[in-house]
Amino acid sequence: MAHSSRRDCPELPDFSLLKRLARDQLIYLLEQLPGKKDLFIEADLMSPLDRIANVSILKQHEVDKLYKVEYKPVVSTSDQLCFLIRPRIQTVKWICDVANADKAVGRFRRYKIIFTPQKFFACEAVLEEQGIFGEVTTDEWSFYLLPLDEDVISLELPEFFRDNFLAGDQRWVRTAGSALHLLHSLYGPFSKVYGIGRCSKMAYESWREQVEQGEQRARQAEIGKVFLIDRDVDFVTPLCSQVVYEGLVDDIFRIKCGCVEFGPDVTSSDKSLKVMLNSQDKVFNEIRNEHFSNVFGFLSQKARNLQSAYDKRRGMDIKQMKSFVSEELKGLKQEHRLLSLHIGASESIMKKKTKQDFQELLKTEHSLLEGFEIRESISFLEEHISRQVSMMESLRLLCLLSITENGLLPKDYRSLKAQYLQSYGADHLLTFANLKQLGLLVEQPTGETLTVMESKVGKLVNDKTAGKLSDAFSSLAKKSNFRALSRKLNLVPKSDEEYDLRVPRDMAYIFSGAYVPLSCKLVEQVLERDGWTGLEEVTRLLNGHEFAVTGSGGADSKSDAQRIILVMFLGGCTFSEISALRFLGRERGYKFIVVTTAITNSSRLIESLLGNRA
């Protein structure tokens, strides 16, 4: 069932070193506050921290009690408080309130703030404003990269997308550059770096700056080429419904830091169970990248094989039974437990995702991607909104309609917006403003407004400046150019061809054969051409900012490292894209390492842009 890979696929580097480095640095920082202390941890750091240093390790280094940062008066009786936080002004203000409340009642405590992955000047300015700068020690835990699996690494910065692409706050760009620098220091040098997107260019420049400032040491390269890609280069892929097994598990159960919590409906007991999902889980590893329609067949075959392995016990003599118990039984029991969980999860997915509504939803998505039956798709969307099926699904479909059609006709835009606000509340006006700003949900300009404006500007100023202003107007228009890109790169396979999902022939299988993810197609094309030559029209449609740079030194052209490609997504990456890259790697004899600011999906992408967020 699992796709066969080419025999010459290279071995991946060992990323467990990243965990060890992060753990050792955290221990060193905790020991800078000698004696017993209570540790306050920001909520979104709890899961990543658990993967690096569990409670027993923290206890070994004199952490007495653990608390979650909750923005209320602390109940700790310890004389030493340590705060492990993201560099957020709200959290720093709360720590100032804690210190000032202690001061008001004459209580003396020692305070230490550990910012991760870095501290910002704005946070230190708050400490100074609140009058406690000299009473608090601050440190930085350079925890940039969390390996979620042997080929997936995350910065665990979900706010990167909204901060950078919507708010224009570029503070995390240096963090991305530092993460790249760490990988380069441990597993480089890289032979080639390709990228597309404004943020990617800035992250590359930040990384080069850090390389030039540091000392260069010759080492054996373990990674050959690097590809940086901005999330706003391809919004269509994260807006499509995921149908590979791992993507569906994430959509329904929410995978967090490589872990998922299965409820009683999956575990067939009255308890929930936390499960680590990675390549160590043999059952999961074989189905994670499969189209969901193939998963049940595999699981039932696996169950039959397992039963046959158990049945071998019959007719065994004492010596054979002893050997069976000591060598095979434990493994079979573990596999049986995992099989049972994935069957339960698949049944739960079936109940939620194979209803008539879901099939209609997929049909509508495929119509939008192909550019057919647009009026029928709009009618489906209107019904979806009026029935209040799902606020997030409705927004997602609106965005998909807008991007694939390069904006909505003014009458459709106004009508659908009015219907949405009536169904889900006028407080979503700000959501629509956010989506418009990002180019996710826009109205087609009436007439030739932009062209007229550009020609007037051209008459007033010289050609060079006019060209720049024209570019500025084009970027303001936020056209997606999806149709043109789809034709150039053949993103939508011909629908009249039969697509066998059991034997995928290209990356389109991750969307039932309807669409090849643009982000992954770009990676494939650039690697084939060893750069952007021949893709000039594509990069123009994507608003440019592409680059290709040859590294100094790097892996020998014939070495295994040349076939290990690191793809860094700035703004989030979906499990569907990871599955597509794994498929491409198997086909071409590459191994892909995916580095992302966070794992995303359509729900998380839309959630981050809601205007009524708390």
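In this short talk I will walk through one helix, some salt bridges, a second helix and a few unusual backbone positions. Please keep in mind throughout that what we are looking at is a predicted model.

Let me begin with helix α1, which covers residues 16-31. The helix has 16 residues, and the distance from its first C-alpha to its last is 23 Å, close to the 22 Å expected at 1.5 Å a residue. Several of its residues are buried, namely Leu-18, Ala-22, Leu-26, Ile-27, Leu-29 and Leu-30. Where do these residues sit around the axis of α1? They lie on the same side of α1, because the arc they cover around the axis is only 160°. As general background, an α-helix has 3.6 residues a turn, so residues three or four places apart point the same way.

Staying with α1, I would like to point out Arg-20, which belongs to this helix. Arg-20 is partly exposed, since its relative accessible area of 38% falls between the 20% limit for buried and the 50% limit for exposed. If you look for Ile-52, you will find that its C-alpha atom is separated from that of Arg-20 by 7.7 Å, although the two residues are 32 residues apart along the chain.

We can also ask how α1 is placed against another helix. The axes of α1 and helix α7, the latter covering residues 173-187, come within 11 Å and cross at roughly 115°. That angle makes the two helices, α1 and α7, roughly perpendicular. The crossing in which α1 passes α7 is right-handed.

Let me turn now to the charged side chains. In general, side chains of opposite charge can pair when their charged atoms come close. In this model the count comes to 35 salt bridges, and I will pick out three that link distant parts of the chain.

In one of them, the side chains of Asp-149 and Arg-288 meet with 2.7 Å from N to O. Asp-149 is in strand β6, residues 146-149, while Arg-288 is in the loop between α12 and α13, and the two are 139 residues apart. Are these two residues buried or exposed? Both Asp-149 and Arg-288 are buried. The pair also belongs to a network of salt bridges in which Asp-149, Asp-151, Glu-246, Arg-288 and Arg-582 are linked.

Another salt bridge joins Asp-250 and Arg-604, at 2.6 Å from N to O. Here Asp-250 comes from helix α10, residues 245-253, and Arg-604 from helix α26, residues 602-607, so that the pair links distant parts of the chain, 354 residues apart. Asp-250 is buried, with a relative accessible area of 1%, and Arg-604 is buried as well, with a value of 15%.

The third is the salt bridge between Arg-375 and Asp-412, whose closest N and O atoms are 2.9 Å apart. Arg-375 lies in helix α16, residues 374-386, and Asp-412 in helix α18, residues 410-424, with their positions 37 residues apart along the chain. In this pair Arg-375 counts as partly exposed, at 43% relative accessibility, whereas Asp-412 is buried, with a relative accessible area of 9%.

Next comes helix α17, residues 391-404, whose 14 residues should span 20 Å at 1.5 Å a residue, and whose end C-alpha atoms are indeed 20 Å apart. Why can we call α17 largely enclosed by the rest of the structure? We can do so because 13 of its 14 residues are buried. Just after α17, Asn-406 takes a positive phi of about 55°.

That brings me to the backbone. In general, most residues other than glycine have a negative phi, and most peptide bonds are trans. Against that background, Asp-530 has a positive phi near 55°; this residue is found in the loop between α23 and α24, and it counts as partly exposed, at 38% relative accessibility. His-545 also has a positive phi, of about 65°; it lies in the loop between α24 and β12 and is partly exposed, at 37% relative accessibility.

Finally, there are cis peptide bonds to look at. The bond from Thr-116 to Pro-117 is cis, with omega near 5°, and Pro-117 is found in the loop between β4 and α5. The bond from Gly-188 to Pro-189 is cis too, with omega near 5°, and Pro-189 has its place in the loop between α7 and β8.

Technical notes
Residues are numbered from 1 along each chain as its sequence is written. This is a predicted model: local features need pLDDT of at least 70, side-chain atom pairs count only at pLDDT 80 or more; totals for chains, interfaces and linings use all residues. Side-chain values use heavy atoms; hydrogens and water are left out. Helices (H or I, at least four residues) and strands (E, at least two) are DSSP runs, numbered from the N terminus. Buried means under 20% relative accessible area, exposed over 50%, partly exposed in between (1.4 Å probe, protein chains only). The expected span of a helix is 1.5 Å times one less than its number of residues. The arc is that of the directions from the helix axis to the C-beta atoms. A salt bridge is a side-chain nitrogen of Lys or Arg within 4 Å of a carboxyl oxygen of Asp or Glu. Axes are lines fitted to C-alpha atoms, for helices over the stretch in contact, and angles run from 0 to 180 degrees between N-to-C directions. Angles under 35 degrees count as roughly parallel, over 145 as roughly antiparallel, 65 to 115 as roughly perpendicular and the rest as oblique. A crossing is left-handed if the near helix is turned anticlockwise from the far one by less than a right angle, and right-handed if clockwise.
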